[in-house]
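Please read the following report alongside the sequence and the 3D view. It covers a DNA surface, a hairpin and a contact between chains.

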There are 2 protein chains.
Amino acid sequence: MFETLAIYLVEKGALTQSELELIEQVSVLKKVRKNQLLLEEGKFSNFIGFVAKGSFRLFRTAENGQEHIMKFAIENWWISDFTSFMSGEPSNCYIDALENSELILFSRENWDHLLATIPNFKRMIDRLTAKNFEAHQNRIFSNISEPAEIRYDNFVKKYPTLYNRIPLYMIASFLGIKRETLSRIRKQAASKRDAS
Amino acid sequence: MFETLAIYLVEKGALTQSELELIEQVSVLKKVRKNQLLLEEGKFSNFIGFVAKGSFRLFRTAENGQEHIMKFAIENWWISDFTSFMSGEPSNCYIDALENSELILFSRENWDHLLATIPNFKRMIDRLTAKNFEAHQNRIFSNISEPAEIRYDNFVKKYPTLYNRIPLYMIASFLGIKRETLSRIRKQAASKRDAS
DNA sequence: CGATTCTTTGAAAACAGTCAATCTGTGTGG
DNA sequence: CCACACAGATTGACTGTTTTCAAAGAATCG
C-alpha cells in the first residue's frame, strides 16, 4: 500500500530509496469504508493524507444545511483541510470517503520534519502548492466568468477520470449548480451533439 | 515612501532596524499614474509589489474580451500575479492602477534572497500565504454557495475601505455579476432597510 | 426481487443578463 | 463661472437561465 506513494515520490520528486524509507517510517496506513468521515467541522485537521486507493470529497455546509463540495481526491492526490492544517484552527470542513479507500497519513510534526530534512520532498511539495494556487485562481475565474454549461464541459475535460467515478449530483455541487440544472445542461449538450 | 512598508514590516513581522535596511536596499520605488498598466497578458510577472499609496486591480480577460477582476489591492497590500511569479510562465493577467499610486517593488531574485536571509520576513510571508489560501477557499465557497446579494453584503462587510474607493461596476466584476444586476440588488436592499 | 440511491422531467417562480436610454456627479476648457 | 464632456450608476422592458418542488424513471446493491 505504501508502494503507491513510493512510486509517486520517485516519479514526481526523484526521491532516493533511503528517503522513501524515512517517509515510510513516519507514515500511518489507514483503510476507510465508503461514507466514513475523515474530518468533521469543529475538529482539528492535523493530518495530510495521500490517497493510495479510492476517492474522497471535501465539503462545507452552508447555514441552510446544504453541502457544497470544495474538492475531490482520488488515487495519487493529497487530501486535507490545508487551511485548518496550516492555521491550527478548527476546521469548517468535512472530508468523507466516496468509496472504500486506503490512505497514507502524516501528522503535522512528521510532515514538517520531512519537509525540513528532505530537500527534494520540500521542492516537490512547493511545486504542488504552486500548482494548487494556480488551480484555485482558475476556478475562481471560471466561477465569475463562465456560464454553467462551459464550467461543466471544462470539468469533464480536466478531470475525465473523476467524471467517470463520481455521481453527477456531486459534480453539480462542485460547480455550484443544482443537480436538476446539470441534468438539463447535459440533455441540451447531447441534443446539440446529435444535431451536428 | 519606504516608511509605509517599514511600519508594516515592524508591525506584522517584528523586523529589526538592520533587517529593514536590508530590505530597503533591494527595493525599487515606483510611481504609477491612474490607468497605467503594471503587468499585461503574455508578459512575465517577475516582481512583487507592496502598495504604499493608491489602489490596483488584477484582472483577466475572457475570450469575448470581457474583463473579470480577480483581486484588488490598496495601501499595505501586496500585489503581483503570484501564479506567473512562481511558475515563471507568462502571465494571463493584467494589473493596472485605479488611482495615482506608489509602489515598492522586489525582483524575484531579491525576494527569494530576503526570504532566505531574514527568518522573520519568511515567517511573515508564510503567514500571509496561509491567509491568502484561506481567502481563496472562502471565495470559492462563496461563489458556489451564496446568491449574489449575500456575496455583495459580505464584500461590503469584509472590505469596507475598498467599497468606498472602487467603482461599483468593478465590484460587480469581482463578484461575477453584471453592473445592472448589482444596481438592482442595491436598490432592493435599500428598500428592505427602509421597510424595517 | 425490493430498497436505496441517483438521475431525469415538467411546470411555475425567482433570478440574472441584454440592450438602450436616462440620470448623476465630476472635472476641464472656454 | 458656466457649459459640456465623460465616467459611472440606474432604470425599463425583454429574454434567457437557474431554482424550486413534486413526481417519475433508471441504476445499483444486497
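Which element gives the most to the surface near DNA strand D? Helix 9 of chain B does, with six residues. The model described here is a predicted one.

In total, 15 residues surround DNA strand D. The closest are A:A148 and A:T181 from chain A, along with B:P167, B:L168 and B:S183 from chain B. Two or more residues each come from helix 9 (179-195) of chain A, and from helix 8 (168-175) and helix 9 (179-195) of chain B.

Chain B also has a surface that faces another protein chain: 20 of its residues are in contact with 20 residues of chain A. Strand 5, helix 3 (82-87) and helix 5 (119-145) of chain B each supply at least two residues of this side. Helix 5 of chain B has the largest share, eleven residues.

The table gives the make-up of the two surfaces.

| Surface | Nonpolar | Polar | Charged |
|---|---|---|---|
| Near DNA strand D | six residues | two residues | seven residues |
| Side of chain B that touches chain A | nine residues | eight residues | three residues |

Strand 5 of chain B, which supplies residues to the side that touches chain A, is also part of a hairpin. Strand 4 (residues 55-61) and strand 5 (residues 67-74) of chain B run antiparallel and are joined by seven bridges. One pairing is that of B:F59 with B:I69, its bridge partner in strand 5. Five residues lie between the two strands of the hairpin, and B:G65 takes a positive phi near 90°.

Notes
Residues numbered from 1 in each chain as written. Chains lettered and ligands numbered in written order. Predicted model: local features only at pLDDT ≥ 70, side-chain atom pairs only at ≥ 80, totals over all residues. Near = placed C-beta within 6 Å. Helix = DSSP H or I, 4+ residues; strand = E, 2+ residues; numbered from the N terminus. Nonpolar A, V, L, I, M, F, W, Y, C, P; charged D, E, K, R; others polar. Pairing = 2+ DSSP bridges. Contact = placed C-beta atoms within 7 Å.
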